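These are my notes from going through one structure, entry by entry. I wrote down what I looked up and what I found.

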Amino acid sequence: MGDRVSTGFGQKRPDVRDGDAPPRPHEQVRGFLARAAPSPDPWVADLATLRTDARERVLAVTGDPQPVVSVEAIDADGVGCRLYRPTGRERAVLVWAHGGGWIHGDLDTADGVARALANRGGCAVLSVDYRLAPEHPFPGGFDDVWTAVDWARRVFDGVAVGGDSSGGNLAAAAALKARDDGVGMAVQLLVYPVLDSTEDTDYKIAFKRRYARFAGQPGYGPNTYRRLKHIWGAYVPDPALRTCPYASPLHAPSLAGVAPAMIITAEHDFLRGEAEDYAGRLQAEGVPVDLREYVGQIHGFFEMFSVMTDAHHAVDVAGDALRRAFRHLDPI
């Protein structure tokens, strides 16, 4: 799997902004996309149908849940959470925010990843059932994740924050708030995070063109662009708020002093460009950052344990980062 992972800031990465070569998906990605049934039309189907479909699709690819010592329902100062303990002696915790475009997802869809990260990271995982848009727009979900962080820091000796996709956005925003409030944070684990509300960056424009027909999927790039525009509108309906750093972390005036970052990206991902830009800014502003790109992969692969071998590798990478961050807090 090492030949499919690019470490750092672009040694092996094809340039989506300028490249014209056809994208080359991993063979497992090609097979997955060929087998996938069409989703309900997001512009016609009702929200409940879309959420049910998204839930079923995630649960279908996460595989058998890994065993942990305990799973406990937690009321974190009014925010529903689920606490996973791999041994029962953990002094450190990862506060985890699930993906789903701020619109979909729940504690069950995050269950497989939470268990895997707890076991591989050797720490507890607090999975957050944050409020969803459009019923609860920004800052509803962000406030819930921060409330969970605040609860966790009173219960554990060390706290990290992480999330995938829109959850990565919430995690990055929480890391910014921790910096702003003088709260210690061991590491931020960002898996293909949403970081920039800007619609027409050079990367996004190029992605629409280059991925117009990806792996036999007509309209892949333009449809992805349209969906991202839609979820930003649902999460932050007021365009004036979309450049607030806690909504769009790439717009923060400074990233200096935030927690060290582990950022995992997928080559064929509409969000890859903003993750690269964020990693570059972190590095330039003196924040330790480890950027890992999975060549040939797509958005969502991190949770696809029964479909993508890279998912197992990526969780190992994330778990190693957590163990390093918490190595001074080995279980008593």
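**Strand β6 and its partners.** I began with the pairing of strand β4, residues 92-97, and found 6 bridges joining β4 to β6. The two strands run parallel. As one example of a pair, I noted that W96 has G162 in β6 as its bridge partner. The model I am reading is a predicted one.

I then looked for a second partner of β6 and found strand β7, residues 188-191. Here 4 bridges join the strands, and β6 and β7 also run parallel. In this pairing V161 is matched with Q188 of β7. I followed the chain from β6 to β7 and saw that it passes through helix α5, residues 166-181. This β-α-β crossover is right-handed.

Next I asked how many residues of β6 are buried. The strand covers residues 158-164, and 7 of the 7 are buried, so β6 is largely enclosed by the rest of the structure. I also checked which way its residues point. In a regular strand the side chains alternate between the two faces of the sheet. In β6, G158, A160, G162 and D164 point one way, while V159, V161 and G163 point the other way. The residues on both sides are buried.

**The record.** I looked up the UniProt entry, which is unreviewed, and it lists residues 94-302 as "domain: Alpha/beta hydrolase fold-3". Over that range I noted 39% helix and 20% strand. The C-alpha atoms at the two ends of the range are 17 Å apart.

**Y278.** I located Y278 in helix α8, which spans residues 272-284. Is Y278 buried or exposed? Its relative accessible area is 0%, so I entered Y278 as buried, the limit being under 20%. I then listed its contacts, leaving out neighbours within four places in sequence. Y278 is in contact with A172, L176, L190, L195, P249, L250, L255 and I263. I also took one distance: Y278 and E135 are 143 residues apart in sequence, and their C-alpha atoms are 29 Å apart in space.

**Q297.** I found Q297 in strand β11, residues 289-298. At 0% relative accessibility, Q297 is entered as buried. Leaving aside neighbours within four places in sequence, I counted H26, V29, A266, E267, H268, M308 and D310 as its contacts.

**G80.** I placed G80 in strand β3, residues 79-85. Its relative accessibility is 33%, and I entered G80 as partly exposed because that value falls between the 20% limit for buried and the 50% limit for exposed. Not counting residues up to four places away in sequence, G80 touches I74, S127, V128 and D129. I also looked at H98, which is 18 residues from G80 along the chain. The C-alpha atoms of G80 and H98 are separated by 13 Å.

**Cavities.** How many cavities of 30 Å³ or more are there? The count came to 1. I noted a volume of about 90 Å³ for the largest cavity. Its lining is made up of S197, T198, E199, K204, Y225, L228, K229, W232, R242 and F270. I asked which helix gives the most to this lining. The entry is helix α7, residues 220-235, with 4 residues.

Conventions: Residues are numbered from 1 along each chain as its sequence is written. This is a predicted model: local features need pLDDT of at least 70, side-chain atom pairs count only at pLDDT 80 or more; totals for chains, interfaces and linings use all residues. Side-chain values use heavy atoms; hydrogens and water are left out. UniProt positions are given in the numbering used here, feature names are shortened, and annotations may be inferred rather than shown by experiment. Buried means under 20% relative accessible area, exposed over 50%, partly exposed in between (1.4 Å probe, protein chains only). Contact means heavy atoms within 4.5 Å. Two strands pair if DSSP finds at least two bridges between them. A crossover is right-handed if, with the strands pointing away from the viewer, the path from the first strand over the helix to the second runs clockwise. On a 1 Å grid over the protein atoms alone, a cavity is a set of points where a 1.4 Å probe fits but cannot get out, and a pocket is an open set with protein on both sides within 12 Å along at least five of seven lines; lining residues have an atom within 4 Å of a point. Grid points are joined across faces, edges and corners, and a volume is the space filled by probe spheres set on the points.
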